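Good morning, and thank you for joining this meeting. Please look at the sequence and the structure on the screen before we discuss them together.

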Amino acid sequence: MRRAALLLCALAVAGCDLSGPAPVRPYDPARPPGVSGAMDPPDGAVAMEAAAPVNPYPANPYPADWDAAARGADLYRVFCAPCHGAAGHGDGPVRTILSVAPPSFHDPRLREAPDGHLLRVIEHGRGIMYGYGSRVTAPERADIVAFLRALQAKGDTSR
Ligand code: HEC
């Protein structure tokens, strides 16, 4: 038994020949020797400025009529007004406990923002605001945007 164990040991050691060259597989050199500076870009790469412009916003396929705005008003009252305020000035009752103030929808940046931006913020949230994608359907989100546009058309009534 002991003999067999010794034999096994000897075989194991013999099978592990460390005398040859170390099994190193070096990477290809990053640059040919003597060449410094930028390398050629890989095939298919395009300069950032030359890349085709991507439309960053989803289109709004829903009509923004008065019916939509009226439905949007109801949804807004439930889902948005607590923070953004009834007239969209960013002064809802929950405002006091938020670490970041909700912006006013009368802010020129949001007046000029395309529908797609508003749709995306409602669906996915932005900054500390969480998204409503799972609670408000796509047509409902468009209704809310129709109402936001109506609020904006009415103008800033906070001053
Ligand atoms: C719990 C409070 C809260 C609720 C509810 C809420 N928001 Fe907000 N919202 C915020 C805050 C806070 C910000 C600013 C977030 C930041 O910049 O970090 C914000 C930002 C926004 C912005 C501006 C995005 C930008 O470009 O800066 C829009 C548009 C917006 N909310 C729309 C809505 C709509 C529409 C609803 C209802 C579906 C809604 N929010 C519900 C708190 C809220």
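How many residues surround the ligand, and which are the closest? This is a predicted model, and in it 20 residues surround the ligand. The closest are Cys80, Cys83, Pro102, Gly127 and Met129. Two elements each give two or more residues to this shell, namely helix 3, residues 81-84, and helix 5, residues 115-124. Sorted by class, the shell holds 17 nonpolar residues, two polar residues and one charged residue.

Let us now consider Pro102, one of the closest residues to the ligand. Pro102 lies in the loop between helix 3 and helix 4, the latter being residues 108-112. Is Pro102 buried or exposed? Pro102 counts as buried because it has 21 C-beta neighbours inside 10 Å, and the cut-off for a buried residue is 20 or more. Leaving aside neighbours within four places in sequence, Pro102 is in contact with Cys83, His84, Gly90 and Arg95. Pro102 and His89 are 13 residues apart in sequence, and their C-alpha atoms are 8.3 Å apart in space.

I turn next to the largest nonpolar core, which has 16 residues. Within this core, Ile144, Val145, Ala146, Phe147 and Leu148 touch the most other members. Helix 2 (66-79), helix 5 and helix 6 (138-154) each give two or more residues to the core, and helix 6 gives the most, with seven residues.

Finally, what does Ile144 touch, not counting residues up to four places away in sequence? Ile144 touches Gly72, Leu75, Tyr76, Cys80 and Ile122. Of these, Cys80 has already been named among the closest residues to the ligand.

Key. Residues numbered from 1 in each chain as written. Predicted model: local features only at pLDDT ≥ 70, side-chain atom pairs only at ≥ 80, totals over all residues. Near = placed C-beta within 6 Å. Helix = DSSP H or I, 4+ residues; strand = E, 2+ residues; numbered from the N terminus. Nonpolar A, V, L, I, M, F, W, Y, C, P; charged D, E, K, R; others polar. Core = buried A, V, L, I, M, F, W, Y, C linked by C-beta atoms within 7 Å. Buried ≥ 20, exposed ≤ 12 C-beta atoms within 10 Å, placed from the backbone. Contact = placed C-beta atoms within 7 Å.
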